[in-house]
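Me: Could you take a close look at chain A of this model, at how the parts of that chain meet and at any unusual backbone geometry, and then set it beside the other chain? Please state the cut-offs behind each term as you go.

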Amino acid sequence: MRFVLSEEHRLFAASLDKLLDQADTPSAIRAWSSGDHAPGRRIWTSLAETGVFALAVPEEHDGMGLLPVELVTAMHGLGRHAVPGPLVETIAAASLLTALGDTRWLPRIAAGEALVTLAAPYALDADVADLVLTVQDGEVYEATPARALRPSIDPSRRLYEVTPTRKLGPADDSSLHLATLACAAQHLGVGRRLLELSVDYAKTRSQYGHPIGEYQAVKHHLANALIDLEFARPLVHAAALSHGTSDFPRDTSAAKIAASEAAYRTAKTALQVHGAIAYTAEYAPSLWIRKSRALLTTWGSPTTHRATLINTL
Amino acid sequence: MDLDFSPAHEAFRADVRDWLHAHVPAEPLPSLETAEGFAAHRTWERTLGADRYATVNWPAEFGGRGATPLEWLIFEEEYYAAGAPGRVSQNGVNLLAPTLFAHGTSEQLRRVLPPMARGEVIWAQAWSEPGAGSDLAALRSTATRADGGWLLNGQKTWSSRAAFADMAFGLFRSDPESARHRGLTYLMFPLDAPGVTVRPIGRLDGKPAFAELFLDDVFVPDGDVIGAPGDGWKVAMSTAGNERGLTLRSPGRYTAAADRLLALWRDRADPSDTALRDRVADAWLKARAYRLKGFETISRTDDIGAESSLNKVFWSEFDIALHETALDLLGPDGELDGDWLEGYVFALAGPIYAGTNEIQRNVIAERVLGLPRGAR
């Protein structure tokens with residue numbers, strides 16, 4: 001029993017953080033939102049160099065084997081920096097394709113060269129994806145996206161309806177649960193960054209002659225956000241550890257409920273603590289606040305996952 | 001990173017389970033907040049103590065089993081899963097004992113701890129005063145120098161278990177010139193000492209779960225001062241951390257309660273009531289989160305410090321939510337006397353005692369998040 005990230009995991013998280021701190025993700029997010037994917041793809045390429053996309057690809061296809069703890073660690077970091085693109089979907093697709101024995105795309109996924117999307121039910125970033133997949137009635141299909149963009153609350157999430165074209169085979173449930181878990185970890189990272197931004201802001205923004213962080217009403221909002229986030233993290237880690245066991249569906253649902261609700265509540269707290277400035281599209285917190293609403297309901301809303309959870313108990 | 005129990009831990013769990021199976025009373029004991037129930041819970045503490053299960057994490061020389069923090073968590077899981085009685089010894093075991101281990105003399109440890117482990121001496125806490133609740137440093141009860149010891153005077157209140165306990169511990173102002181956190185001394189005293197008047201207070205449901213203590217020249221020998229005179233605040237704060245961390249409400253308590261709630265839901269609930277279903281799912285989820293948080297806490301190598309306040313807010317609010325869900329599920333039976341109602345009334349005190357949740361949130365904001373301290 002040692003239920004904390006190892007030193008190795010912490011170093012991996014720190015190196016990702018350092019890379020993304022230098023990558024100017026807010027500019028890449030804004031470019032991505034307007035259809036210019038070049039800066040975002042450069043981030044994907046540098047992420048691939050750290051091995052992020054190899055974490056769901058078997059070793060014989062240039063990956064590192066499926067490493068769930070490393071995956072949630074990475075996804076948390078990518079959420080903290082609001083990295084754009086079909087991250088969850090590419091990881092889940094690697095796992096789905098591996099289960100199907102369809103190895104064509106795996107080396108390119110591991111290398112960060114292939115962006116794969118997986119409709120849930122809208123295909124995220126299908127306009128830039130190298131491969132578009134969808135799951136219908138338990139079967140995986142290749143799919144063709146519609147031309148029309150379905151605008152999301154998070155403009156960096158470019159969503160498209162899809163039409164299935166070619167059946168690839170049965171969908172591996174565990175890969176879909178892995179998507180749920182990756183999304184939970186990403187969302188937790190989004191929430192963590194929103195809390196950090198809010199704490200920093202509360203220390204410097206002054207009203208009535210004092211930093212607003214001195215006021216108990218503000219303090220208590222931020223304390224509540226920390227409690228929510230801190231008690232969601234162990235559920236995300238435990239779900240990663242139960243990958244490959246019969247508890248995985250239960251644990252991924254628990255992780256998604258806790259992480260998404262914590263992050264979403266933190267987003268509302270961030271908006272309130274920042275005040276009007278965070279209600280503007282121009283100011284950076286809006287990028288995380290908008291993503292936080294979208295991630296709440298993608299890959300299963302809390303309501304959906306509560307129904308799943310209770311059925312597994 | 002793993003959540004695996006070693007064979008030795010599994011063996012420890014099996015031993016605990018077997019012992020509990022053989023010893024837990026078949027019928028629930030009467031409420032420990034009544035005279036009859038308190039006596040029954042004392043007897044149970046002696047049963048636990050006889051086999052060194054009252055204080056598993058203490059060293060063997062004081063009546064424990066030298067259990068590691070993980071073994072203690074396992075013990076607690078099994079204890080509550082077995083439906084074993086509430087712990088009337090809690091103030092002594094979880095609040096006073098950690099303070100003694102940190103600040104007591106070896107003579108005090110040898111004298112005080114073994115009878116506590118055997119369930120022979122039950123302790124009450126004596127922190128709050130009429131004018132010192134959340135703001136404990138405003139306390140005014142005094143300890144005045146006397147030949148070979150101290151004379152205590154003043155009034156304590158909300159003293160849990162004091163209606164029926166044997167001994168109490170608390171802070172007293174020993175330097176009349178001092179203010180706030182300075183000049184306080186941590187003392188232990190018998191509740192039947194000359195000069196002590198105990199007036200039980202009925203809690204919300206009328207049961208005498210706590211008491212007022214009136215102290216009139218109560219003599220306490222020097223040997224019953226913990227730490228140095230005047231250092232009481234520092235000494236007491238080591239207890240406060242324990243009170244807010246895992247020990248006061250172990251995760252096992254909640255995992256067992258969540259399992260019982262799930263069973264109640266299966267037995268009684270209308271399956272089409274999805275709102276209630278979601279609250280049951282949440283109770284299971286939160287119990288699991290707290291359990292995992294416990295494993296995370298004991299796996300850390302650093303001191304959790306002020307982060308213990310996160311736990312206190314979490315478990316106290318969760319405890320109420322869990323019991324409210326059960327009472328709502330019971331419908332018209334929810335107002336009737338029973339285990340769920342007893343647990344609910346007990347839970348309602350959680351956000352108030354051991355430092356109100358408002359104070360805990362200030363602590364979290366200032367000491368964990370680093371927000372500036374401001375006017376209260």
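Reply: What follows begins with the domains and the sheet of chain A, goes on to its backbone, and ends with chain B.

This is a predicted model, in which local features need pLDDT of at least 70 and side-chain atom pairs count only at pLDDT 80 or more, while totals for chains, interfaces and linings use all residues. Residues are numbered from 1 along each chain as its sequence is written, and chains are lettered from A and ligands numbered from 1 in the order in which they are written.

Chain A is assigned domain 1 (7-171) and domain 2 (175-312), with bounds that come from an automatic or database domain assignment. Taken over C-alpha atoms, the centres of these two domains of chain A are 21 Å apart. Between them, 29 residues of domain 1 of chain A are in contact with 29 residues of domain 2 of chain A, where contact requires that C-beta atoms, placed from the backbone, lie within 7 Å. On the domain 1 side, the elements that give two or more residues are helix H2 (25-33), helix H4 (68-80) and H5 of chain A, and H4(A) provides the largest share, 10 residues. Helices (H or I, at least four residues) and strands (E, at least two) are DSSP runs, numbered from the N terminus. That same side of domain 1 of chain A divides into 20 nonpolar, 5 polar and 4 charged residues, with Ala, Val, Leu, Ile, Met, Phe, Trp, Tyr, Cys and Pro counted as nonpolar, Asp, Glu, Lys and Arg as charged, and the others, Gly among them, as polar.

Chain A also has an open sheet of 4 strands in the order E1-E3-E4-E6, with mixed pairing; two strands pair if DSSP finds at least two bridges between them. Strand E1 (116-119) and strand E6 (162-170) of chain A are at the edges and have a single partner strand each, so one side of each lacks a neighbour in the sheet. From one strand to the next the twist averages 35 degrees. Strand E3 (residues 131-136) and strand E4 (residues 139-145) of chain A pair in the antiparallel sense over 4 bridges, and A:Val135 has A:Val140 in E4(A) as its bridge partner. Helix H5 (residues 87-100) of chain A packs on the sheet, touching E1, E3, E4 and E6 of chain A, and its direction makes about 85 degrees with that of E1(A); axes are lines fitted to C-alpha atoms, for helices over the stretch in contact, and angles run from 0 to 180 degrees between N-to-C directions.

As background to the backbone, most residues other than glycine have a negative phi, and most peptide bonds are trans. A cis peptide bond, with omega about -10 degrees, joins A:Ala120 and A:Pro121, and A:Pro121 lies in the loop between E1 and strand E2 (123-124) of chain A. A:Trp299, although not a glycine, has a positive phi near 50 degrees, and is found in the loop between helix H10 (285-297) and helix H11 (302-312) of chain A. A:Trp299 counts as buried because 26 C-beta neighbours lie inside 10 Å; the cut-off for buried is 20 or more other C-beta atoms within 10 Å, with 12 or fewer for exposed and partly exposed in between, the C-beta atoms being placed from the backbone.

Turning to chain B, 34 of its residues are in contact with 37 residues of chain A, and H8(B) gives the most to that side of chain B, with 13 residues.

Terms used:
Contact = placed C-beta atoms within 7 Å.
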